[in-house]
Amino acid sequence: MNTMVQTRPHLPTAAGTAVPAVRTEPTQYLTFQLAGEAFAIGILSIKEIIEYHTLTEVPMMPACVRGVINLRGAVVPVMDLLARFGRPTSDVTKRTCIVIVEVESAGERQVIGVVVDAVNEVLDIDAADIEPPPTFGANIRTDFIQGMGKVKGRFVILLNVHQVLSIDDLQAASAVAAKDTLSLN
């Protein structure tokens, strides 16, 4: 019986020895649209998807934080990803929704809503179909990108939710916004 074995490169460990790289199973991603581009977040970070409704604006927040919602008695901040990427926000349509994402920051779990133009589907993307983040040309910070998934002949930008939704980054942006507001007065 003939079997074909695919060899994979060895990865260095902290001790300097090499261990074989292990091929992982496909990972599921929730895909969605922002300004006509396809993005995705790992499904394990997604708590739920809700219909877009009126938000309560909070003063002195960074421009990318649209406001907060009441989600079953909990106050959940809602971020506009396009504004986070430094782009103009999209208009709210019938397909606009809020994806509720859970991230961990400094040992604490934080629930954040993310405004998206439309949710597409959940896809299995094999590790072999994920390219590393580009070094230029994606119109967003490359540390926001986990990788580029190849799906049906097109690329889907796989977001690193821990970087995109970083509480530390948002607090720093909020402090800058407050400082700018004070200097205008």
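**View 1. E102, E104 and R109 are linked in a network of salt bridges.** In this predicted model, the side chains of R109 and E102 meet with a nitrogen-to-oxygen distance of 3.8 Å. R109 counts as exposed because its relative accessibility is 54%, whereas E102, with a relative accessible area of 25%, is partly exposed. The search for such contacts across the structure gives a count of 7 salt bridges, and two further examples are described in the views that follow.

**View 2. A salt bridge joins E121 and K152.** The nitrogen and oxygen atoms of this pair are 3.7 Å apart. E121 belongs to strand β10, which covers residues 118-125, and K152 sits in the loop between β12 and β13, so the contact ties together parts of the chain that are 31 residues apart in sequence. E121 has a relative accessibility of 37% and therefore counts as partly exposed, while K152, with a relative accessible area of 70%, is exposed.

**View 3. R66 and D80 form a salt bridge in which both partners are buried.** The closest nitrogen and oxygen atoms of the two side chains are 2.8 Å apart. R66 lies in strand β6 (residues 65-71) and D80 in strand β7 (residues 74-80), and the pair links distant parts of the chain, with 14 residues separating the two in sequence.

**View 4. An open sheet is built from 6 strands in the order β10-β3-β4-β13-β12-β11.** The pairing within this sheet is mixed. At its edges stand β10 and β11 (130-131), each of which has a single partner strand, so that one side of each is left without a neighbour in the sheet. Strands of a sheet pair through backbone hydrogen bonds, either parallel or antiparallel. Here β4 and β13 pair in the parallel sense over 2 bridges, and the residue of β13 that serves as bridge partner of F39 is I157. By contrast, β3 and β4 pair in the antiparallel sense, over 6 bridges. Strand β4 is mostly covered, with 5 of its 6 residues buried.

**View 5. Strands β3 and β4 form a hairpin.** There are 2 residues between the two strands, and A35 in the turn has a positive phi of about 50°. Across the hairpin, F32 stands opposite F39 in β4. When neighbours within four places in sequence are left aside, the contacts of F32 include E37, A38, F39, A40 and I41, and also reach L81, V116, A118, V119, N120 and L159.

**View 6. Ring pairs link F32, F39, F85 and F144 into an aromatic cluster.** A search of the whole structure finds 3 aromatic pairs. In one of these, the rings of F32 and F39 have their centres 6.2 Å apart and their planes at 15°, and because planes under 30 degrees apart count as stacked, this pair is described as stacked. Both partners are buried: F32 counts as such at 1% relative accessibility, and F39 likewise has a relative accessible area of 1%.

**View 7. The largest nonpolar core of the chain has 27 residues.** Those with the most contacts inside this core are F32, L34, L81, F85, V101, L159 and L165. At least two residues of the core come from each of β3 (27-34), β4 (37-42), α1 (81-84), β8 (97-105), β9 (108-116), β12 (145-151), β13 (154-159) and α2 (161-164). The largest share, 4 residues, is supplied by β8. A second core, separate from this one, has 10 residues, among them L55, V76, V78 and I100. In soluble globular proteins, nonpolar side chains tend to be buried together.

**View 8. The whole chain, shown for orientation, has 3 helices and 13 strands.** Of its 185 residues, 37% are buried. The accessible surface of the chain comes to about 11500 Å², and carbon and sulfur atoms account for 54% of that area. Among the contacts in the chain with a separation of 6 or more, 52% are between residues 24 or more positions apart.

Conventions
Residues numbered from 1 in each chain as written. Predicted model: local features only at pLDDT ≥ 70, side-chain atom pairs only at ≥ 80, totals over all residues. Heavy atoms only, no water. Phe/Tyr/Trp six-rings, centres within 6.5 Å; stacked < 30°, edge-to-face > 60°. Buried < 20%, exposed > 50% of the residue type's maximum accessible area, 1.4 Å probe, protein only. Contact = heavy atoms within 4.5 Å. Areas by Shrake-Rupley, 256 points an atom, 1.4 Å probe, with all protein chains shown as cover. Core = buried A, V, L, I, M, F, W, Y, C linked by side-chain atoms within 4.5 Å. Salt bridge = Lys/Arg side-chain N within 4 Å of Asp/Glu carboxyl O. Pairing = 2+ DSSP bridges.
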